[in-house]
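Could we go through this protein together, one question at a time, with the reasoning spelled out?

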Amino acid sequence: MKTAGGTDAAKRRAGERAAEEVDNGDVVGLGTGSTTAYAIDAIGEAVSDGLEVQGIPTSFQSRQRALEASIPLTDLDAVETVDLAIDGADQVVDDPDASGYGALIKGGGAAHTREKLVDAAAERFVVVADPSKLADRLERSVPVEVIPDAHTVVADRVQDLGGEPTLRDAEHKDGPIVTDNGNLVLDCAFGPISDPNELATQLSRIPGVLEHGLFVDCADVTYVGLEEGVETRVY
Ligand SMILES: O=C[C@H](O)[C@H](O)[C@H](O)COP(=O)(O)O
C-alpha cells in the first residue's frame with residue numbers, strides 16, 4: 001500500500017476517530033489509502049461486534065481491505081443514500097482565512113475519480129489526515145485522470161493554464177500507471193494554488209479529463225491524528 005508521510009500512530013488515531021461516527025444501519029463510503037485503511041479496519045471490528053453497515057469501496061484497494069475486514073459491500077447505484085464517507089487526503093487547506101479552507105488534493109493513489117463520486121454523494125464527508133497533510137495553501141501536484149488517447153492534448157491545455165504536467169509512471173511496470181478505470185494520470189504542478197475553486201472549474205472544462213484531484217467545498221470535517229489525541233476541523 002502507498003504510505004505517504006505521517007506516522008502510523010497518527011493515521012490510526014484519525015482513522016479510528018472517523019470510524020466512531022458510523023451508526024447502525026449506515027451506508028458508508030470507504031475511501032482509499034493508508035489512513036482510511038485504519039478506519040476500514042475499525043469499522044470491520046465494529047461489524048464483528050454486531051454493527052450492521054454496508055460499505056461502498058472507492059478502489060480495488062479499499063474493496064480488498066473491506067473484504068478482509070468482513071464489511072458487507074454494496075454499490076452506489078444500489079442505495080438511496082450514502083450516510084457517511086470516510087477518506088484520506090494528500091493535502092488539506094488548514095488556514096481558516098484562506099480561499100478554500102478545507103479544500104483537498106487527493107489522488108496520490110490514483111483513486112480520486114471514484115472517491116469523488118462517493119464522497120460527493122455522501123450526506124457527510126469525513127476526512128482523515130495526519131499533520132503532514134496540513135498546509136496554508138494547496139501546492140502539491142494535482143492528479144488528473146485522463147482518457148488514454150487524450151493525455152497529450154490534456155497536457156497541452158494544462159500548460160495553457162500555467163501547469164506543468166507529468167505522466168505518472170508505474171513503479172512495478174514499464175510505462176504509465178493505469179487507474180482502476182483503465183485510464184492514465186497526469187500529475188500537474190501549478191505551484192501554490194491561490195484559488196482552488198477556479199482551478200477546479202478550469203480543469204473540469206478540459207475535454208478528455210475524467211476527473212481531477214481537487215476536492216473543493218466537499219469536506220464537512222477533518223480529523224487530524226496526532227501522536228497523542230485527535231484534532232478536529234469543522235467546515
Ligand atoms: O488516490 C488516493 C487517495 O486520494 C488517498 O486518499 C490519498 O492519496 C491519501 O492517502 P494516504 O492516506 O495514504 O496518505
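The exchange below moves from the domains to the core, the ligand shell and some single residues.

Biologist: Before we start on the domains, what kind of model is this, and which residues make up domain 2?

Modeller: This is a predicted model, so each value here is computed from it. The chain is split into two domains, of which domain 1 takes residues 8–136 together with 215–234, while domain 2 takes residues 142–212.

Biologist: Which helix gives the most to the side of domain 1 that touches domain 2?

Modeller: The centres of the two domains, taken over C-alpha atoms, are 23 Å apart, and their contact draws 14 residues from domain 1 and 15 residues from domain 2. On the side of domain 1 that touches domain 2, the residues divide into 6 nonpolar, 6 polar and 2 charged. The helix that gives the most to that side, with 4 residues, spans residues 112–121 and is H4.

Biologist: Where does the largest nonpolar core lie with respect to domain 1 and domain 2?

Modeller: The largest nonpolar core has 59 residues, and those touching the most other members are Ala39, Ile43, Ile86, Val126, Val127 and Val128. Helix H2, residues 36–48, gives the most to this core, with 6 residues. Because domain 1 and domain 2 both give residues to this core, it lies between them.

Biologist: Which residues is Val127 in contact with, leaving aside its neighbours within four places in sequence?

Modeller: Val127 is among the core residues that touch the most other members. Once neighbours within four places in sequence are left aside, the contacts of Val127 are Asp87, Ala89, Val92, Leu104, Ala219, Val221 and Thr222.

Biologist: How do the residues of the shell around the ligand divide into nonpolar, polar and charged?

Modeller: The ligand is surrounded by 20 residues, and the closest are Gly33, Thr35, Gly88, Gly108 and Gly109. By class, the residues of this shell divide into 4 nonpolar, 11 polar and 5 charged.

Biologist: Is Glu115, which carries the UniProt annotation "active site", buried or exposed?

Modeller: The annotation that covers Glu115 comes from an unreviewed UniProt entry, and the residue itself is found in helix H4. Not counting residues up to four places away in sequence, Glu115 touches Gly31, Thr32, Thr58, Asp87 and Lys106. Since Glu115 has 31 C-beta neighbours inside 10 Å, and 20 or more are enough for the class, Glu115 counts as buried.

Biologist: Ser70 and Ala110 both interest me; is Ser70 buried or exposed, and is Ala110 buried or exposed?

Modeller: Neither is a glycine, yet Ser70 has a positive phi of about 60° and Ala110 has a positive phi of about 65°. Ser70 sits in the loop between helix H3 (60–68) and strand S3 (84–87), whereas Ala110 sits in the loop between strand S5 (104–105) and H4. Because 11 other C-beta atoms lie within 10 Å of Ser70, this residue is exposed. Because 24 other C-beta atoms lie within 10 Å of Ala110, that residue is buried.

Biologist: How many Å apart in space are Ala66 and Asn183, C-alpha to C-alpha?

Modeller: Ala66 is found in helix H3 and counts as buried, with 23 C-beta neighbours inside 10 Å. Beyond residues up to four places away in sequence, Ala66 touches Leu30, Ile40, Gly55, Pro57, Ile71 and Leu73. Ala66 and Asn183 are 117 residues apart in sequence, and their C-alpha to C-alpha distance in space is 24 Å.

Key
Residues numbered from 1 in each chain as written. Predicted model: local features only at pLDDT ≥ 70, side-chain atom pairs only at ≥ 80, totals over all residues. Domains from an automatic or database assignment. Contact = placed C-beta atoms within 7 Å. Helix = DSSP H or I, 4+ residues; strand = E, 2+ residues; numbered from the N terminus. Nonpolar A, V, L, I, M, F, W, Y, C, P; charged D, E, K, R; others polar. Near = placed C-beta within 6 Å. Buried ≥ 20, exposed ≤ 12 C-beta atoms within 10 Å, placed from the backbone. Core = buried A, V, L, I, M, F, W, Y, C linked by C-beta atoms within 7 Å. UniProt positions renumbered as here; feature names shortened; annotations may be inferred.
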